[in-house]
Amino acid sequence: MDYLGEVFALGMDAVIFAVCLRQYVYYKNAVKAIKDVEIHEVGPNLDTLLANEPGNKRYVGVRGVVRPLGEPLKSINKSDVTGVIQKLTIQEHVVARTSAGFWSDEQRIIQTIYNVVPFVLQKDWYSVEVIDPLSADVLNLDVISDHFEPTVPTLVDHIWGFFTGIRQRGLQSTEKMLREDSVITVVGELSSSETKSNFLTLQLPLNGSPFCITSMSVTALIRKLDNRTKVYRILCLMCGTVGLLFGGIVARRYWKNKQEQRLAEELRQSLEASRQERRQRVRDSDLREDQICVVCKTNAREIILLPCGHVCICEDCSASINNNCPICRTQITQKAAAYIV
């Protein structure tokens, strides 16, 4: 219990460090995988690419034009815009009072909705279907609309906000889409469709490699992933430094307590030895048989055992006798000094 706070802080720091380290390793490997990936246009060369691969699977990047399989999604803000992935976000803007008493701007996401229709990457007569696009590590969508509607507070709102510490500023509605007919690059696991012959699919790789759907160039994608790697590396260094600091504090406190305990034990033993020496000097050497300790047969009887009341052992022997009385075997609950005259 003496180290509960420090142990809890170390545990939380270790959890955060483990999460950041895992993300750092993931994005570091992702950058390496993207650097080594081959980018191909949609076409007959993809079938040739899979012909010599085990299991007809390969990690590649495919570039093509987005085409929906069926009716596309229509933008709710611009009727002439259609796409295959739609993201609707409602965000609340507030001014909140911090624990220090200052007011700061905060943003809170109230609701996020995704709408998706099946789509393919197409060029001429060739196409590749993209499976489960929402599982992508990088998913770049175009902003269709971004509308902020401010809140006009009343006097009651101002009073209520002062006591609650939260003042409403307004709501922000954002719509993003992956547009139809846009040219994108999908980096994932290319494989032959299990249900349709001569049909290829792109999906999340099973080996943990990154799955990316982006309109950026490969260089820009690598730069984006590398920036995430740097962020998590900095977080790892910060958490590691904090962990070493807390660990040093705990180790120093533990060492200091051990030193104090060792000094206290040495002092106790020294005092005990001094007391035994003094007792030995003042003890009477000419004792009757009924006055001699029943254990050591040398010192005088000096301790009374309760509840039985027997005065049968010396103070030296009482240190090692804590269970039963040597005379009647009664359970010892208390020991006290006794003097026989």
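## Two cysteines, no bridge

Cys20 is buried, with a relative accessibility of 7%. In this predicted model, Cys239 is also buried, at 11%. The sulfur of Cys20 has its closest cysteine sulfur in Cys239, 4.7 Å away. That is too far for a bond. A disulfide is a covalent bond between the sulfur atoms of two cysteines. The cut-off used here is 2.5 Å between sulfurs. From the other side, Cys239 likewise finds its closest cysteine sulfur in Cys20, so this pair is too far apart for a bond. The structure holds zero disulfides.

## The nonpolar cores

The largest nonpolar core has 28 residues. Which of them touch the most other members? They are Leu121, Leu178, Val186, Leu190 and Ile213. Helix α2 (45-51) supplies at least two residues of this core. So do several strands, including β2 (57-68), β4 (82-97), β6 (119-123) and β7 (126-130). Further along the chain, β10 (166-179), β11 (183-192) and β12 (200-203) each supply at least two as well. Another core lies apart from this one. That core has 11 residues, among them Ala30, Val37, Leu221 and Ile222.

Ile213 deserves its own entry. Leaving aside neighbours within four places in sequence, Ile213 is in contact with Val130, Pro133, Ala136, Val138, Leu139 and Asn140, among others. Its contacts also include Leu178, Ile184, Thr185 and Val186. Two of these partners, Leu178 and Val186, are named with Ile213 among the core members that touch the most others.

## A pocket at α3 and β10

The second largest pocket has a volume of about 160 Å³. Which elements give two or more residues to its lining? They are α3 (155-164) and β10. The lining includes Asp157, His158, Trp160 and Gly161. Ile166, Arg167, Gln168 and Arg169 line the pocket too. Val95, Thr151 and Pro153 are also part of the lining.

## Helix α4 and the transmembrane annotation

An unreviewed UniProt entry lists residues 231-251 as a transmembrane region. In the model this span is 100% helix and 0% strand. Its end C-alpha atoms are 30 Å apart.

Val231 lies in helix α4, which covers residues 218-282. Is Val231 buried or exposed? Neither: Val231 is partly exposed, because its relative accessible area is 46%. Val231 and Ser127 are 104 residues apart along the chain. Their C-alpha atoms are separated by 37 Å.

## The RING-type span and a cis proline

The unreviewed UniProt entry also lists residues 293-329 as a RING-type domain. This span is 11% helix and 22% strand. Its end C-alpha atoms lie 16 Å apart.

A cis peptide bond joins Leu306 and Pro307. Omega there is about 15°. Pro307 sits in the loop between β14 (303-306) and β15 (310-313).

## Backbone exceptions in two loops

Most residues other than glycine have a negative phi, and most peptide bonds are trans. Asp132 has a positive phi, near 50°. Asp132 is found in the loop between β7 and β8 (138-139). Its relative accessibility is 47%, so Asp132 counts as partly exposed.

Asp181 is not a glycine either, yet its phi is positive, at about 70°. The loop between β10 and β11 holds Asp181. Asp181 is partly exposed, with a relative accessible area of 46%.

Technical notes: Residues are numbered from 1 along each chain as its sequence is written. This is a predicted model: local features need pLDDT of at least 70, side-chain atom pairs count only at pLDDT 80 or more; totals for chains, interfaces and linings use all residues. Side-chain values use heavy atoms; hydrogens and water are left out. A nonpolar core is a set of buried Ala, Val, Leu, Ile, Met, Phe, Trp, Tyr and Cys residues joined through side-chain atoms within 4.5 Å. Buried means under 20% relative accessible area, exposed over 50%, partly exposed in between (1.4 Å probe, protein chains only). Helices (H or I, at least four residues) and strands (E, at least two) are DSSP runs, numbered from the N terminus. Contact means heavy atoms within 4.5 Å. UniProt positions are given in the numbering used here, feature names are shortened, and annotations may be inferred rather than shown by experiment. On a 1 Å grid over the protein atoms alone, a cavity is a set of points where a 1.4 Å probe fits but cannot get out, and a pocket is an open set with protein on both sides within 12 Å along at least five of seven lines; lining residues have an atom within 4 Å of a point. Grid points are joined across faces, edges and corners, and a volume is the space filled by probe spheres set on the points.
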